[in-house]
Amino acid sequence: MPEQTSLLGVLSNIREERVRQDALWGEQNHPQVPPKHLRVGLGVCSERSAKFYCESARLDNKMTWAHIAIEEMAEVVDAETEEARRAEWVQLAAVCIAAIQSIDRNKK
């Protein structure tokens, strides 16, 4: 199954990177999201704005993986509970993996 092999390869790369990060920085326990008053300064738009930009790009046939990832990140930031935030992090991770798989598929 080429898709599964590709997924396993990407997950292996991610695992290797996580091991490298832990070796470099140790265990990290940062806050999940910035406080509301800092979000705009960090360039984090609202979920509503991100969805609008993503849908506009889709309708113009100009949507990119970055549009989708930014929308997912906005959903992480706007999630109200840790359970919802965790689900959004999983969705963001899946989008990032899909983008990597797309790069791998399109290599010539």
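Me: Rings of Phe, Tyr and Trp (its six-membered ring for Trp) pair if their centres lie within 6.5 Å. How many aromatic pairs does a search of the whole structure find?

Reply: Bear in mind that this is a predicted model. With that cut-off on the ring centres, a search of the whole structure comes back with one aromatic pair.

Me: How do F52 and Y53 sit as an aromatic pair: stacked, tilted or edge-to-face?

Reply: You describe a pair of aromatic rings by the distance of the centres and the angle of the planes. For F52 and Y53 the centres are 5.6 Å apart and the planes make 70°. Planes over 60 degrees apart fall in the last class, so the F52 and Y53 pair is edge-to-face.

Me: And are F52 and Y53 buried or exposed?

Reply: The bar for exposed is over 50% relative accessible area. F52 has 54% relative accessibility, and Y53 has 53%. Both values pass the bar, so F52 and Y53 count as exposed.

Me: Zooming out, which elements make up the protein chain, and in what order do they run from the N terminus on?

Reply: The secondary structure comes to five helices and zero strands. Read from the N terminus on, the order is α-α-α-α-α.

Me: How far apart are the end C-alpha atoms of helix α5, and what span should its residues give?

Reply: Helix α5 covers residues 82-105, which is 24 residues. The expected span is 1.5 Å times one less than that number, so α5 should span 34 Å. The distance between the end C-alpha atoms agrees with this, at 34 Å.

Me: What share of the protein chain do buried residues make up?

Reply: Buried means under 20% relative accessible area. Helix α5 supplies R85, E88, L92, V95, I97, A99, Q101 and S102. Over the 108 residues of the protein chain, the buried share is 21%.

Me: Which residues form the nonpolar patch on the surface, and which helix gives the largest share of it?

Reply: The patch consists of L7, L8, L11, I14 and I100, with about 370 Å² of accessible area together. I100 has its place in helix α5, and its 33% relative accessibility makes it partly exposed. Four residues, the largest share, come from residues 2-25, that is, helix α1.

Me: Is A57 buried or exposed?

Reply: A57 lies in helix α3, residues 47-59. Beyond its neighbours within four places in sequence, A57 is in contact with K62, M63 and H67. Its relative accessibility is 8%, under the 20% cut-off, so A57 counts as buried.

Me: How far apart in space are A57 and I68?

Reply: In sequence, A57 and I68 are eleven residues apart. From C-alpha to C-alpha, the separation in space is 9.9 Å.

Me: Which helices does the salt bridge of E75 and K51 link?

Reply: Side chains of opposite charge can pair when their charged atoms come close. Here E75 and K51 meet at 2.6 Å, N to O. The two residues are 24 apart in the chain, so the pair links distant parts of it, and the helices are α4 (residues 65-78) for E75 and, for K51, α3.

Me: Within that E75 and K51 pair, which residue is buried?

Reply: K51 has 34% relative accessibility, so it counts as partly exposed. The relative accessible area of its partner is 6%, which puts that residue under the 20% cut-off. The buried one is E75.

Me: Which residues are linked in a network of salt bridges?

Reply: The count of salt bridges comes to eight. Some of the residues are joined up in a network that holds both K51 and E75. Its members are E47, K51, E71 and E75.

Me: Back in α5, how far apart in sequence are E82 and R85, whose side chains meet in a salt bridge?

Reply: An α-helix has 3.6 residues a turn, so residues three or four places apart point the same way. The E82 and R85 bridge has an N to O distance of 2.8 Å. E82 is exposed at 52%, whereas R85 is buried at 9%. Both lie in helix α5, about one turn of the helix apart, which is three residues.

Me: What is the N to O distance in the salt bridge of K107 and D104?

Reply: K107 counts as exposed with 58% relative accessibility, while D104 is partly exposed at 33%. A salt bridge needs the nitrogen within 4 Å of a carboxyl oxygen. The K107 and D104 side chains meet at 3.9 Å.

Key. Residues numbered from 1 in each chain as written. Predicted model: local features only at pLDDT ≥ 70, side-chain atom pairs only at ≥ 80, totals over all residues. Heavy atoms only, no water. Buried < 20%, exposed > 50% of the residue type's maximum accessible area, 1.4 Å probe, protein only. Patch = residues over 30% accessible without salt bridge, like charges linked within 9 Å, V, L, I, M, F, W, Y side chains within 5 Å. Areas by Shrake-Rupley, 256 points an atom, 1.4 Å probe, with all protein chains shown as cover. Contact = heavy atoms within 4.5 Å. Phe/Tyr/Trp six-rings, centres within 6.5 Å; stacked < 30°, edge-to-face > 60°.
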